[in-house]
Amino acid sequence: MELAIAKEIQAIKKYRKIEESDILAEALRLGLKQLWRQAILDEYAEGKLSKKKAIKLLGPELVKRLDEEKRFIIKDVRWGLSDE
Amino acid sequence: MNEVVIDAGPIIHLSQLKLFHLFDLFPQLHTTTEVWREITRFNLPGKEEAERSKKIRIHRILKKEKEKVMLAIKDFRLQSADFSLLALCNKLVAHAFLTDDLELRRAAEVLSLETQGSLGIIIRAYKKKWLSFFETQEALNNLFNISTLYLSSKLLNRVLTELIKGEKP
């Protein structure tokens, strides 16, 4: 794992010609953004966050996608449990 | 007619979960040459299982058959293989269309086609007692956590609530 990360850092250094410290700073920023986004999505999926607030934080596209996923999940569950 | 059309997604996902045998819930499955090529050209999960299976019948879809579908659902962002599947559904007057692609499921709805995903297949297997509650829970956990199908694994709680509700008389 550590070796793979080191290799990736070396590759980014080579291709983008930036310092290792800058790469790590950007990785932290991107990683945090992803974790933040996931935390909001999870809160909304569990009904702990309003749709209005979720849209404000994430934008309408992601919230719409999650709503659609939920709709098809319910559809799948009902079909699976039906006697059809 | 009880024809069932299948996309690559459920083949890949159920193979990843080592549940390919759940396709035995359906007497026969139909897909298109384009989708078959997607599954078999690369070393995707499910390639070997699909090739071994005698259950999947492959159909060639004509350009004009696809174009007819394209006209009806031009606002959706779909690939050529997706249109071929919808055209096959129309051609066979399919009873069910198995896909995990959200955009494709929405497009199918516009064409009044019934879609079911891998999740539905797992739950149907549970209903038919092919899987125990524990095995179902494990399969669903894996579906939500291993695959990149869903934006949030927390949606699983909703499924489990529905399953437990379904258990009660």
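**Figure 1. Chain A, a chain of four helices and zero strands.** In this predicted model, the elements of chain A follow the order α-α-α-α from the N terminus on. The radius of gyration of chain A is 20 Å, well over the 12 Å that the globule rule gives for 84 residues, so chain A is more spread out than a compact globule. If you would like its extents for setting up a view, the C-alpha trace spans about 60 × 30 × 20 Å along its principal axes. How much of chain A is buried? Buried residues account for 14% of its 84 residues.

**Figure 2. Where chain B touches chain A.** Chain B brings 20 residues to this contact, and chain A brings 17 residues. On the side of chain B, three helices each supply at least two residues: α6 (102–110), α7 (118–127) and α9 (155–167). Which of the elements of chain B gives the largest share? That is α9(B), with six residues. Sorted by class, the side of chain B that touches chain A holds seven nonpolar, six polar and seven charged residues.

**Figure 3. The two domains of chain B.** The domain assignment places domain 1 of chain B at residues 4–118 and domain 2 of chain B at residues 129–167. Taken over C-alpha atoms, the centres of these domains are 23 Å apart. Their contact takes seven residues from domain 1 of chain B and seven residues from domain 2 of chain B. On the domain 1 side, the touching residues divide into three nonpolar, three polar and one charged.

**Figure 4. Helices α7(B) and α8(B) side by side.** Here is a helix pair to look at along its axes. Two packed helices are described by the angle between their axes and the distance between the axes. For α7(B) and α8 (residues 133–145) of chain B, the axes come within 10 Å and cross at roughly 175 degrees. An angle over 145 degrees counts as roughly antiparallel, and that is why α7(B) is described as roughly antiparallel to α8(B). From α7(B), the contact uses S118(B), L119(B), I122(B) and Y126(B), while α8(B) offers T136(B), A139(B), L140(B) and L143(B). By class, this contact has six nonpolar, two polar and no charged residues.

**Figure 5. A close-up of K68(B) in helix α4 of chain B.** Helix α4 covers residues 63–72 of chain B, and K68(B) has its place there. K68(B) counts as partly exposed, because it has 14 C-beta neighbours inside 10 Å. Which C-alpha atom is separated from that of K68(B) by 7.8 Å, although its residue is 19 residues apart along the chain? The atom belongs to A87(B).

**Figure 6. Two loop residues of chain B with positive phi, K18(B) and V93(B).** Most residues other than glycine have a negative phi, which may make these two worth a look. Phi of K18(B) is near 60 degrees, and this residue sits in the loop between α1 (8–16) and β2 (29–32) of chain B. With 11 C-beta neighbours inside 10 Å, K18(B) counts as exposed. V93(B), also not a glycine, has a phi of about 50 degrees. The loop that holds V93(B) runs between α5 (80–92) and β4 (96–98) of chain B. Is V93(B) buried or exposed? V93(B) counts as exposed, because it has 9 C-beta neighbours inside 10 Å.

Methods:
Residues are numbered from 1 along each chain as its sequence is written. Chains are lettered from A and ligands numbered from 1 in the order in which they are written. This is a predicted model: local features need pLDDT of at least 70, side-chain atom pairs count only at pLDDT 80 or more; totals for chains, interfaces and linings use all residues. Domain bounds come from an automatic or database domain assignment. Two residues are in contact if their C-beta atoms, placed from the backbone, lie within 7 Å. Ala, Val, Leu, Ile, Met, Phe, Trp, Tyr, Cys and Pro count as nonpolar, Asp, Glu, Lys and Arg as charged, and the others, Gly among them, as polar. Axes are lines fitted to C-alpha atoms, for helices over the stretch in contact, and angles run from 0 to 180 degrees between N-to-C directions. Angles under 35 degrees count as roughly parallel, over 145 as roughly antiparallel, 65 to 115 as roughly perpendicular and the rest as oblique. The radius of gyration is taken over C-alpha atoms; the globule rule is 2.2 Å times the number of residues to the power 0.38. A residue is buried if 20 or more other C-beta atoms lie within 10 Å of its own, exposed if 12 or fewer, and partly exposed in between; C-beta atoms are placed from the backbone.
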